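Reader: I would like a close look at one part of this model, the salt bridges and what surrounds them. Please start with the overall picture and then work inwards.

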Amino acid sequence: RNEGIDMTHNPEFTSMEFYMAYADYNDLMEIAEEMISGLAKAITGSYLVEYTPLGSEEPIIIDYTPPFKRISMIPELERLMNVTFHPLQTSSPSQQDSSWTTCALRTTSTVPLPVLPQE
């Protein structure tokens, strides 16, 4: 898809999108895992890839060895943010707002605006 590019939207280079009839999210995770780990192995000869972040002198090792760890998003957010999200089916909009507001207030980092490459 060609949806254009701006400071916050560059899907052709930052995401993967595909569909499969009659597949569920578990099938799609498995396909994505096989593709990502297979690419790492085919390109570098290993599932372990050394990466040096911009501005750092210390490389880190990224492990693409399958199977990848599976996590459930809401429980993991609750654990990391130390907050409880009320179930959508049984909570009021104000309870939902309260959960997300608490989560946002506990976030101490700021996310910088993306920077496009200069020509």
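Author: Of the 119 residues of the protein, 12% count as buried. The model is a predicted one. The accessible surface comes to about 10300 Å², and carbon and sulfur atoms supply 60% of that area. Among contacts with a separation of 6 or more, 24% join residues 24 or more positions apart. The protein has four helices and two strands. Their order from the N terminus is α-α-β-β-α-α.

Now the salt bridges. A search of the whole structure finds two. One of them pairs glutamate 33 with arginine 70. Their closest N and O atoms are 2.8 Å apart. Glutamate 33 lies in helix H2, which spans residues 25-44. Arginine 70 lies in the loop between strand S2 (60-63) and helix H3 (73-81). The pair therefore ties together parts that are 37 residues apart in sequence.

The two partners differ in how they are covered. Glutamate 33 has a relative accessible area of 9%. The cut-off for buried is under 20%, so glutamate 33 counts as buried. Arginine 70, at 40%, is partly exposed.

What else does glutamate 33 touch? Leaving aside residues up to four places away in sequence, glutamate 33 touches Gly38, Pro66, Pro67, Phe68 and Arg70. Two of these names, Pro66 and Pro67, return in the backbone. A cis peptide bond joins proline 66 and proline 67, with omega about 0°. Most peptide bonds are trans. Proline 67 is found in the loop between S2 and H3. That loop also holds arginine 70, the salt-bridge partner of glutamate 33.

The other salt bridge is formed by the side chains of glutamate 76 and arginine 79. The N to O distance is 2.7 Å. Both residues lie in helix H3. They are three residues apart, about one turn of the helix. Arginine 79 has a relative accessibility of 55% and counts as exposed.

Back to helix H2, where glutamate 33 has its place. Which residues form a nonpolar patch on the surface? They are Met16, Met35, Ile36, Leu39 and Ile43. Together they have about 460 Å² of accessible area. Methionine 16 is found in the loop between helix H1 (11-14) and H2. Methionine 16 counts as partly exposed, with a relative accessibility of 38%.

The loop between H1 and H2 is also the place of tyrosine 22. The phi of tyrosine 22 is near 65°, a positive value in a residue other than glycine. Most residues other than glycine have a negative phi. Is tyrosine 22 buried or exposed? Tyrosine 22 is exposed, with a relative accessible area of 86%.

Rings come last. How many aromatic pairs does a search of the whole structure find? The search finds zero. One ring does have a charge over it. The charged end of lysine 41 sits over the ring of tyrosine 47, 4.9 Å from the ring centre.

To return to the part you asked about: glutamate 33 is buried, and its partner arginine 70 is partly exposed. Their salt bridge links helix H2 to the loop between S2 and H3. Glutamate 76 and arginine 79, by contrast, both lie in helix H3.

Technical notes:
Residues numbered from 1 in each chain as written. Predicted model: local features only at pLDDT ≥ 70, side-chain atom pairs only at ≥ 80, totals over all residues. Heavy atoms only, no water. Salt bridge = Lys/Arg side-chain N within 4 Å of Asp/Glu carboxyl O. Buried < 20%, exposed > 50% of the residue type's maximum accessible area, 1.4 Å probe, protein only. Patch = residues over 30% accessible without salt bridge, like charges linked within 9 Å, V, L, I, M, F, W, Y side chains within 5 Å. Areas by Shrake-Rupley, 256 points an atom, 1.4 Å probe, with all protein chains shown as cover. Contact = heavy atoms within 4.5 Å. Phe/Tyr/Trp six-rings, centres within 6.5 Å; stacked < 30°, edge-to-face > 60°. Lys NZ or Arg CZ within 6 Å of the ring centre and 35° of its normal.
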